[in-house]
Amino acid sequence: MTIEWMFNLYVFVLATFVGYQVISRVPPLLHTPLMSGTNAISGISLVASLLAAGSHHFVSQVLGFVAVTCATINVVGGFLITDRMLRMFRRKPDAPAAKGPAGKGSAS
């Protein structure tokens with residue numbers, strides 16, 4: 001292994017650890033609102049993974065393809081969850097007033 005591979009592996013392991021620590025400390029109530037904000041970050045990682053997939057190294061191409069797949073699933077899932085969350089806050093249309101049978105129950 002070269003020094004460059006060791007450094008890249010070190011950065012990957014450190015990023016994985018820090019990411020796990022940050023996400024695990026977020027209260028469950030905040031996960032859905034934060035999802036819409038992380039869609040932008042996932043979009044940036046999607047662009048970076050496309051660059052990796054376009055590399056001339058076979059290993060980078062394979063890992064880039066896996067990263068493109070994961071980032072795409074993350075972005076699409078994030079938008080679906082955000083849309084579902086926003087639908088919970090929409091006002092439902094009022095139902096028409098229920099009317100009883102004509103002539104019954106009126107005290108005229």
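**Helical architecture, principal pocket and two contrasting residues**

Among the contacts in the chain with a separation of 6 or more, 54% are made by residues 24 or more positions apart. The structure analysed here is a predicted model. Its secondary structure comprises three helices and zero strands, arranged along the sequence in the pattern α-α-α. The helices are α1 (3-24), α2 (31-53) and α3 (58-88).

With respect to solvent exposure, the chain contains 108 residues, of which 12% are buried. The accessible surface of the chain amounts to about 9,500 Å². Carbon and sulfur atoms contribute 72% of that area.

Empty space was examined next. Rolling a probe the size of a water molecule over the atoms reveals where such space remains. The largest pocket has a volume of about 870 Å³. Its lining consists of 21 residues, and those closest to the pocket centre are N8, F12, A52, L63 and A67. Each of the helices α1, α2 and α3 supplies at least two residues of this lining. By residue class, the lining of the largest pocket divides into 13 nonpolar residues, seven polar residues and one charged residue.

Two residues illustrate the local environments of helices α2 and α3. S49 is located in helix α2. The relative accessible area of S49 is 5%, and S49 is therefore classed as buried, the cut-off for that class being under 20%. A polar atom of the S49 side chain lies 2.8 Å from the backbone oxygen of L46. When residues up to four places away in sequence are not counted, S49 touches G64, A67, V68 and A71. One of these contacts, A67, also appears among the residues closest to the centre of the largest pocket.

The second residue, I73, is found in helix α3. Here the relative accessible area is 57%, so I73 is classed as exposed, a class that requires a value over 50%. In sequence, I73 and S42 are 31 residues apart. In space, the C-alpha to C-alpha distance between I73 and S42 is 9.6 Å.

Taken together, the description covers a chain of three helices and zero strands, a largest pocket to whose lining α1, α2 and α3 each supply at least two residues, a buried serine, S49, and an exposed isoleucine, I73.

Terms used:
Residues numbered from 1 in each chain as written. Predicted model: local features only at pLDDT ≥ 70, side-chain atom pairs only at ≥ 80, totals over all residues. Heavy atoms only, no water. Helix = DSSP H or I, 4+ residues; strand = E, 2+ residues; numbered from the N terminus. Buried < 20%, exposed > 50% of the residue type's maximum accessible area, 1.4 Å probe, protein only. Contact = heavy atoms within 4.5 Å. Areas by Shrake-Rupley, 256 points an atom, 1.4 Å probe, with all protein chains shown as cover. 1 Å grid on protein atoms, 1.4 Å probe; cavity = no way out; pocket = protein on both sides within 12 Å on 5 of 7 lines; lining within 4 Å. Points joined across faces, edges and corners; volume = space filled by probe spheres on them. Nonpolar A, V, L, I, M, F, W, Y, C, P; charged D, E, K, R; others polar. Polar contact = N/O pair within 3.5 Å; in protein donor to acceptor, adjacent residues only side chain to side chain.
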